[in-house]
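Work through the following exercises with the sequence and the model side by side, and try each task before reading its solution.

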Amino acid sequence: MPYEIVNTVPLPPMRSKFPFEQMQPGDSFFVPDKVAGTMYSNCKRAAKVIGGKFVARAVEGGCRVWRVE
């Protein structure tokens, strides 16, 4: 069965409980009780979908995510 290729369907917005789309370079948010390593895939996906670069670091009580680009 052949598949129809269409180039006019827009990509839906990224769905995340984290505010990646609203962030500007230099902004950060805190995630309580979360290990920074578990945020890695969220940061990587956000960078791929919306662009930019995101970094997560462990801090007291959880982790903090920054948009660096």
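**Exercise 1. Overall form**

What radius of gyration does the protein have, and what value would a compact globule of 69 residues have?

Solution. Begin by keeping in mind that this is a predicted model. The rule for a compact globule of 69 residues gives a radius of gyration near 11 Å, but the protein has 15 Å. Next, look at the extent of the C-alpha trace, which spans about 55 × 25 × 15 Å along the principal axes of the protein. Then turn to the surface: the protein exposes about 5400 Å², of which carbon and sulfur atoms supply 55%, and 25% of its 69 residues count as buried. As a last step, consider the charges, where 10 positive and 6 negative side chains form two sets whose centres lie 4 Å apart.

**Exercise 2. Order of the elements**

Find how many helices and strands the protein has, and write down the pattern they follow along the sequence.

Solution. Counting the elements gives 1 helix and 3 strands. Reading along the sequence then gives the pattern β-α-β-β. To see how the chain is tied together, take the contacts between residues at least 6 apart in sequence: 53% of them join residues at least 24 apart.

**Exercise 3. Pairing of the strands**

Determine which strands pair with β3, and in which sense they run.

Solution. Start with strand β1 (residues 28-32), which is joined to strand β3 (residues 62-67) by 5 bridges, the two strands running antiparallel. Two positions show this pairing in detail: Ser28 has Trp66 as its bridge partner in β3, and Val31 stands opposite Cys63. Now move to β2, which pairs with β3 over 6 bridges, also in the antiparallel sense. Here the bridge partner of Phe54 is Arg67, while that of Val55 is Trp66. Trp66 is therefore a bridge partner on both sides, of Ser28 in β1 and of Val55 in β2. Finally, examine the connection between β2 and β3, which form a hairpin with 2 residues between them, and note that Gly61 in the turn has a positive phi of about 90°.

**Exercise 4. Two faces and one buried residue**

Which residues of β1 lie on its covered face, and which on its uncovered face?

Solution. The covered face of β1 holds Phe29 and Val31, whereas the uncovered face holds Ser28, Phe30 and Pro32. A second step is to look across to Cys63, which lies in strand β3. With a relative accessible area of 0%, Cys63 is buried, since the cut-off for a buried residue is under 20%. Leaving aside neighbours within four places in sequence, the residues in contact with Cys63 include Phe29, Phe30 and Val31 of the stretch just discussed, together with Lys34, Val35, Ala36, Met39, Arg57 and Ala58. The C-alpha atoms of Cys63 and Phe29 are separated by 8.6 Å, although these residues are 34 residues apart along the chain.

**Exercise 5. Residues outside the strands**

Decide for Asp33, Gly52 and Gln22 whether each is exposed or partly exposed.

Solution. Take Asp33 to begin with, which is found in the loop between β1 and α1. Its relative accessible area is 74%, so Asp33 is exposed, the cut-off being over 50%. The phi of Asp33 is near 55°, a positive value in a residue other than glycine.

Continue with Gly52, whose place is in the loop between α1 (40-50) and β2 (54-59). Gly52 has a relative accessible area of 36% and so is partly exposed. Beyond its neighbours within four places in sequence, Gly52 is in contact with Ala47, Arg67 and Glu69. Gly52 and Pro32, which are 20 residues apart in sequence, lie 23 Å apart in space from C-alpha to C-alpha.

End with Gln22, which has its place in the segment before β1. At 57% relative accessibility, Gln22 counts as exposed. From C-alpha to C-alpha, Gln22 and Tyr3 are 36 Å apart in space, with 19 residues as their distance in sequence.

Terms used:
Residues are numbered from 1 along each chain as its sequence is written. This is a predicted model: local features need pLDDT of at least 70, side-chain atom pairs count only at pLDDT 80 or more; totals for chains, interfaces and linings use all residues. Side-chain values use heavy atoms; hydrogens and water are left out. Helices (H or I, at least four residues) and strands (E, at least two) are DSSP runs, numbered from the N terminus. The radius of gyration is taken over C-alpha atoms; the globule rule is 2.2 Å times the number of residues to the power 0.38. Buried means under 20% relative accessible area, exposed over 50%, partly exposed in between (1.4 Å probe, protein chains only). Contact means heavy atoms within 4.5 Å. Accessible areas come from the Shrake-Rupley method with a 1.4 Å probe; for residues, only the protein chains shown count as cover. Lys and Arg count as positive and Asp and Glu as negative; His and the chain ends are not counted. The place of a charge is taken as NZ of Lys, CZ of Arg, CG of Asp or CD of Glu. Two strands pair if DSSP finds at least two bridges between them.
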